[in-house]
Amino acid sequence: MPPFVLKAMPALFIVLGLLIVFFAMWDGFETVVVPRTVRRNIRVAPYFFRMTWILASWFTRHVKSAKAKDATLSAYGPFVLVLLVGVWAMLLMTGFALLQHGIGLAVNVPSKQHSLGSEFYLSGTTFFTLGMGDEKPVGALARAVTVFEAGIGFGFLAVIVGYLPVFYQAFSRRETSALLVTSRAGRVPSATGVLQKYANVSSEALREILEKWEDCTAELLENYISYPILAFYRSHQDRQSWLAALCIMLDTCSILQVALDEDEEGVDVQAELTYNMAVRVLVVISTISRLEISTGEHGRLTHSQFNRLAEEVSGPKLKLSSSDEAWTELKVLRASYEPYLVALSQALFLELPDFLAKGDEPSSSPEETVREAETIA
């Protein structure tokens, strides 16, 4: 090896080690601590999520057992988050090992005492503060780096673990919001179930629930901007998901905007506000996930079904129009959000509810409610 290369080796190892340490710490900070989406091409977390999800998706598509599919999809979110912490820890240990190796070369420590293998072992025991004692740093600078790594390891893991409760609080609030929607959407959740439930209630009650849904979608938007991995966390209950709840919101708001005959309480205005917020959630999470959006008709509602929906939703407080103008306007609104819904549904293996309830009974009976609660418990 040329002499100039030998002279440059210590500096090369030191610089490379420092870069890896800084990169791992900054990526962890941006992923967990910074409350916004960071737009940077070189990041560990997004690529790690993408690669692991490709593997999980491949397994889900090829396995025949429904239980295995559900177990894989349910475990993916929590499992990959734990794995990501391990990846950050591995990067930090590797960076400090390279740093120690470069220092050893610079001060001419015998090669047996600063091989890459022994330095990585020393870095691991230091990072996790094991204190084995069989490998020791040589020289004052190496000892200082060892102390620094012990502090970094303790502090880094403490910060990451400390933010996990914040993440799971966001998950809990998301599930509460989804339950708030599906509980009002009938036995087989759909927009029809929501509208039938409020057909005999005051318009003010419908406007108030739309306002609450707008608050829920605003919080959902903030959570997904901060923690995109939250989209991969699945609901604890069957027939419930954040995507299905968002779909019911959008379907309901779309119908109210175009087909409402009379509006005394500003229902159509609030429906537009909730619709706009929900569409933003879909666009943001689809953009973060880099999904391909295909435009065109998706067949979730035909003209005849729209006429049937307007007939079924009838009451003294809510009347819908099935005119051709309303149908045309509804198609325009649906074209703004259905492609995103379908893309996310296919990518995340989440089912979308229909516009029309498949069951004859729009709401659960008391006996069915008790049985469903016993199943959850």
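Reader: What pattern does the protein follow, read along the sequence?

Author: In this predicted model, the order of elements along the sequence is α-α-α-α-α-α-α-α-α-α-β-β-α-α. The protein has twelve helices and two strands.

Reader: How much of the protein do buried residues make up?

Author: Of the 377 residues in the protein, 45% are buried. The accessible surface comes to about 19,500 Å², and carbon and sulfur atoms account for 61% of that surface.

Reader: And what share of the contacts is between residues 24 or more positions apart?

Author: Among the contacts in the protein with a separation of 6 or more, 78% join residues that are 24 or more positions apart.

Reader: Turning to helix packing, at what angle do α2 and α3 pack?

Author: Helix α2, residues 44-62, packs against α3 at an angle of about 150°, and their axes are 10 Å apart. An angle over 145° counts as roughly antiparallel, so α2 is roughly antiparallel to α3.

Reader: Is that crossing left-handed or right-handed?

Author: The crossing of α2 and α3 is right-handed.

Reader: Which residues make the contact?

Author: From α2, the contact is made by V44, A45, F48, F49, T52, W53, A56, F59 and T60. From α3, it is made by A68, K69, T72, L73, Y76, V80, L83, L84, V87, W88 and L91. By class, the contact of α2 with α3 has 16 nonpolar, three polar and one charged residues.

Reader: Let us stay with α3 for a moment. Is Q100 buried or exposed?

Author: Q100, which is found in helix α3 (residues 66-106), has a relative accessibility of 4% and therefore counts as buried.

Reader: What is Q100 in contact with, leaving aside its neighbours within four places in sequence?

Author: With those neighbours left aside, Q100 is in contact with E119, A142, V145 and T146.

Reader: How do the axes of α4 and α5 cross?

Author: Helix α4 covers residues 116-127 and helix α5 covers residues 140-182. Their axes come within 8 Å and cross at roughly 50°, and α4 and α5 are therefore oblique to each other. In this crossing α4 passes α5 in a right-handed sense.

Reader: Which residues of α4 and α5 make that contact?

Author: S123, T126 and F127 of α4 meet T146, E149, A150, G153, F154 and L157 of α5. The contact of α4 with α5 has four nonpolar, four polar and one charged residues. T146 has also appeared above, as one of the residues in contact with Q100.

Reader: What about α7 and α9: how far apart are their axes?

Author: The axes of helix α7 (residues 203-226) and helix α9 (residues 267-288) are 9 Å apart, and the two helices pack at an angle of about 20°. That angle makes α7 roughly parallel to α9. Here α7 passes α9 in a left-handed crossing. The residues of the contact of α7 with α9 divide into 17 nonpolar, four polar and four charged.

Reader: Now the loops. Where does N200 lie?

Author: N200 lies in the loop between α6 (191-197) and α7. With a relative accessible area of 54%, N200 is exposed.

Reader: And which residues is N200 in contact with, outside its neighbours within four places in sequence?

Author: Outside those neighbours, N200 is in contact with G315, P316 and K317. In addition, N200 and S314 are 8.2 Å apart in space, C-alpha to C-alpha, while being 114 residues apart in sequence.

Reader: I also want to look at backbone angles. What is the phi of R290?

Author: Most residues other than glycine have a negative phi. R290 is not a glycine, yet its phi is near 55°, a positive value. R290 is found in the loop between α9 and α10 (303-312), where R290 is exposed, with a relative accessible area of 54%.

Reader: And what is the phi of F349?

Author: F349 has a positive phi of about 60°, although F349 is not a glycine. F349 is found in the loop between α11 (324-348) and α12 (366-376).

Reader: How exposed is F349?

Author: F349 is partly exposed, with a relative accessible area of 22%.

Terms used: Residues numbered from 1 in each chain as written. Predicted model: local features only at pLDDT ≥ 70, side-chain atom pairs only at ≥ 80, totals over all residues. Heavy atoms only, no water. Axes fitted to C-alpha atoms, helices over the stretch in contact; angles between N-to-C directions. Helix = DSSP H or I, 4+ residues; strand = E, 2+ residues; numbered from the N terminus. Parallel < 35°, antiparallel > 145°, perpendicular 65-115°, else oblique. Left-handed = near helix turned anticlockwise from the far one by under 90°. Nonpolar A, V, L, I, M, F, W, Y, C, P; charged D, E, K, R; others polar. Buried < 20%, exposed > 50% of the residue type's maximum accessible area, 1.4 Å probe, protein only. Contact = heavy atoms within 4.5 Å. Areas by Shrake-Rupley, 256 points an atom, 1.4 Å probe, with all protein chains shown as cover.
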